[in-house]
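I opened this notebook to record what I looked up about ring contacts and charged pairs. The entries follow the order in which I checked them.

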Amino acid sequence: MGERQFLFELQCLQKGGAKRKFRRDIFDSWACCAYCGADRPTTLDHVLAKARGGLTVRNNLVAACTMCNFKKGSLDFMEWFRAQGSWSVEKELRLLAWIHQ
């Protein structure tokens, strides 16, 4: 779905429905935790934490397991992520592509 169509559909939905669709779209784009690869992530994480000025926009949110979301907190995502045993070049490139879309 193109960005214009997505925005149009968001405007047509009630507020609660728009929020659920917004969240579902992000979860559908990430079948596993963006950081560790755990199946069925249950939270959305602000890549650039809200405490550091991050916005609640699609390209700043990724699906994450509860543990990764909690451990990352408001830390710099790249420093934190590269220190994790689950870090890989492929995962980092996917995250960077996501936030720069």
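Are Y35 and W80 buried or exposed? I looked this up in what is a predicted model, and I noted that both Y35 and W80 are buried.

**Entry on the aromatic rings.** I searched the whole structure for aromatic pairs and found 3 of them. I noted that Y35 and W80 make one such pair, with 5.1 Å from centre to centre and 85° between the planes, and I recorded the pair as edge-to-face. I then placed the two residues along the chain: Y35 is in the loop between α2 (15-29) and β1 (43-46), whereas W80 is in helix α4 (residues 77-82), so that the pair links distant parts of the chain, 45 residues apart.

I next checked Y35 against F81, and I entered this pair as edge-to-face because the ring centres are 5.6 Å apart and the planes stand at 65°, the angle for that class being over 60 degrees. Since Y35 lies in the loop between α2 and β1 and F81 lies in helix α4, I wrote down that the pair ties together parts 46 residues apart in sequence. Both Y35 and F81 are buried, and I closed the search by noting that ring pairs link Y35, W80 and F81 into a cluster.

**Entry on a charge over a ring.** I also looked at W30, and I found that the charged end of R94 sits over its ring, 3.9 Å from the centre.

**Entry on the salt bridges.** My count came to 4 salt bridges, and I wrote out the ones below.

I found the side chains of D28 and R24 meeting in a salt bridge, at 3.5 Å from N to O. The two residues are 4 residues apart in helix α2, which means that about one helical turn separates D28 and R24. I noted D28 as exposed, with a relative accessible area of 55%, while R24 counts as partly exposed at 47%.

For D25 and R58, I recorded a salt bridge whose closest N and O atoms are 2.6 Å apart. This pair links distant parts of the chain, with D25 in helix α2 and R58 in the loop between β1 and β2 (61-64), 33 residues apart. I entered D25 as partly exposed at 22% relative accessible area, and R58 as partly exposed at 24%.

For K72 and D45, I recorded a salt bridge with the closest N and O atoms 3.1 Å apart. Because K72 lies in helix α3 (residues 66-72) and D45 in strand β1, the pair ties together parts that are 27 residues apart in sequence. I noted K72 as buried at 0% relative accessibility, and D45 as buried at 3%.

Conventions
Residues are numbered from 1 along each chain as its sequence is written. This is a predicted model: local features need pLDDT of at least 70, side-chain atom pairs count only at pLDDT 80 or more; totals for chains, interfaces and linings use all residues. Side-chain values use heavy atoms; hydrogens and water are left out. Rings of Phe, Tyr and Trp (its six-membered ring) pair if their centres lie within 6.5 Å; planes under 30 degrees apart count as stacked, over 60 as edge-to-face and the rest as tilted. Buried means under 20% relative accessible area, exposed over 50%, partly exposed in between (1.4 Å probe, protein chains only). A charge sits over a ring if NZ of Lys or CZ of Arg is within 6 Å of the ring centre and within 35 degrees of the ring normal.
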